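Got your viewer open? Let's take a walk through this protein, one selection at a time.

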Amino acid sequence: MITITASDQDLTEQAKKIAQQWGFIFSPSCQDPFSLQLTPQHLQLVQSYKHSPGPIYIDFSSGQIAHRRLFGGGKGQAIAKAVGLNKLPYPVILDATAGMGKDAFVFASLGARVTLMERSPISAALLTDALQRASLDNNISEIIKRMDFVYGDARLLESDETTTLNEKPDVIYLDPMFPHRKKSALVKKEMLAFQSLIGDDNDSNELLNISRQQAKKRVVVKRPIKAPYLDNQKPSLSMNMKKHRFDIYFV
Ligand SMILES: C[S@@+](CC[C@H](N)C(=O)[O-])C[C@H]1O[C@@H](n2cnc3c(N)ncnc32)[C@H](O)[C@@H]1O
């Protein structure tokens, strides 16, 4: 179980509440290789081992995510075409593997209504914190209003569809963790950290099958370029990028 600390004494009560909400342990300090830390700016994942990268947090307002919103190519970018944003102007999208919420934010900034599902309490806590902060930023608060977060395993949609989602999504987007065997330059340090904490998504074949039953129009799967199809199911079409591809299954 992961420990959460607070950078300032006056954040202690808030950090304890986060611990209670997500099942973390609160401690005044922590030397574990991975821990969460609440700072006045954000909740962050801190890594303290040899050559560890800096803290990881989600920031929808600035940095890489903001750059992608402003200069990423709008509805002409591959991910937007893959989910059909160039054809369906305001689709309802379920991002069933929300992770850091980066892809979901692209969909919402291009007009889609997006439900983000995530089953890891660590990612869920980071995402909830980021969405709350972003909702206070006038530049992006309208985008954030189109994003709803649901904590849980998306495979439960099969049995639980009416209570978890208000309506069936037009599109279900899947970007499950892919087991990277080598530490290649392609695998970002950020991803490696998450992978070692959250583990590989070995049940994503099942998630594909459930998604194909639940989506109204299409299921889109993001895969590394050389990875086999999920569950060996040939998609209706694939869009190939340099490092990854989008496999599209029309309903
Ligand atoms: C590679 S990350 C997704 C990154 C994301 N596309 C982004 O833009 O930040 C995969 C995430 O999917 C989550 N996940 C995998 N299977 C899931 C499931 N069945 N239900 C909910 N979350 C799932 C994992 O916990 C992990 O955080």
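**First stop: Val83**

Select Val83 and show the residues around it. Skipping neighbours within four places in sequence, you'll find Val83 in contact with Pro91, Ile93, Phe107, Val171, Tyr173 and Val220. Keep in mind as you click around that this is a predicted model.

**Out into the core**

Now widen the selection. Val83 belongs to the largest nonpolar core, a set of 61 residues. Along with Ile93, Phe107 and Leu126, Val83 touches the most other members of that core. Next, pick residues 121-134: this is helix H5, and with seven residues it gives the core its largest share. Try colouring domain 1 (3-47) and domain 2 (63-250) separately; both contribute residues to this core, so the core lies between them.

**Over to Leu43**

Jump to residues 43-47, which form strand S4, and click on Leu43. Is Leu43 buried or exposed? Leu43 is buried: 25 other C-beta atoms sit within 10 Å, and a residue counts as buried at 20 or more. Show the contacts of Leu43, again leaving out residues up to four places away in sequence, and you'll see Ile18, Leu36, Leu38, Tyr57, Ala125, Leu126 and Asp129. Leu126 should ring a bell, as one of the core residues that touch the most other members. While you're here, draw a distance from Leu43 to Thr5: their C-alpha atoms are 9.8 Å apart, with the two positions 38 residues apart along the chain.

**The ligand**

Select the ligand and bring up its surroundings. How many residues surround the ligand? There are 21, and the closest are Thr97, Gly99, Met100, Lys102 and Asp175. Colour this shell by class and you get eight nonpolar, five polar and eight charged residues. Then highlight helix H4 (102-109) and strand S6 (113-118), each of which supplies at least two residues of the shell.

**Zoom out**

Finish with the whole protein in cartoon view. You're looking at nine helices and 11 strands. The radius of gyration is 18 Å, close to the 18 Å that the globule rule gives for 251 residues, so the protein is as compact as a globular protein of that length. Its C-alpha atoms fill a box of roughly 55 × 40 × 40 Å along the principal axes. Colour by burial, and 36% of the 251 residues come up as buried. One last thing to look for is how the chain meets itself: of the contacts between residues at least 6 apart in sequence, 61% join residues at least 24 apart.

Technical notes: Residues numbered from 1 in each chain as written. Predicted model: local features only at pLDDT ≥ 70, side-chain atom pairs only at ≥ 80, totals over all residues. Helix = DSSP H or I, 4+ residues; strand = E, 2+ residues; numbered from the N terminus. Rg over C-alpha atoms; globule rule 2.2 N^0.38 Å. Buried ≥ 20, exposed ≤ 12 C-beta atoms within 10 Å, placed from the backbone. Contact = placed C-beta atoms within 7 Å. Near = placed C-beta within 6 Å. Nonpolar A, V, L, I, M, F, W, Y, C, P; charged D, E, K, R; others polar. Core = buried A, V, L, I, M, F, W, Y, C linked by C-beta atoms within 7 Å. Domains from an automatic or database assignment.
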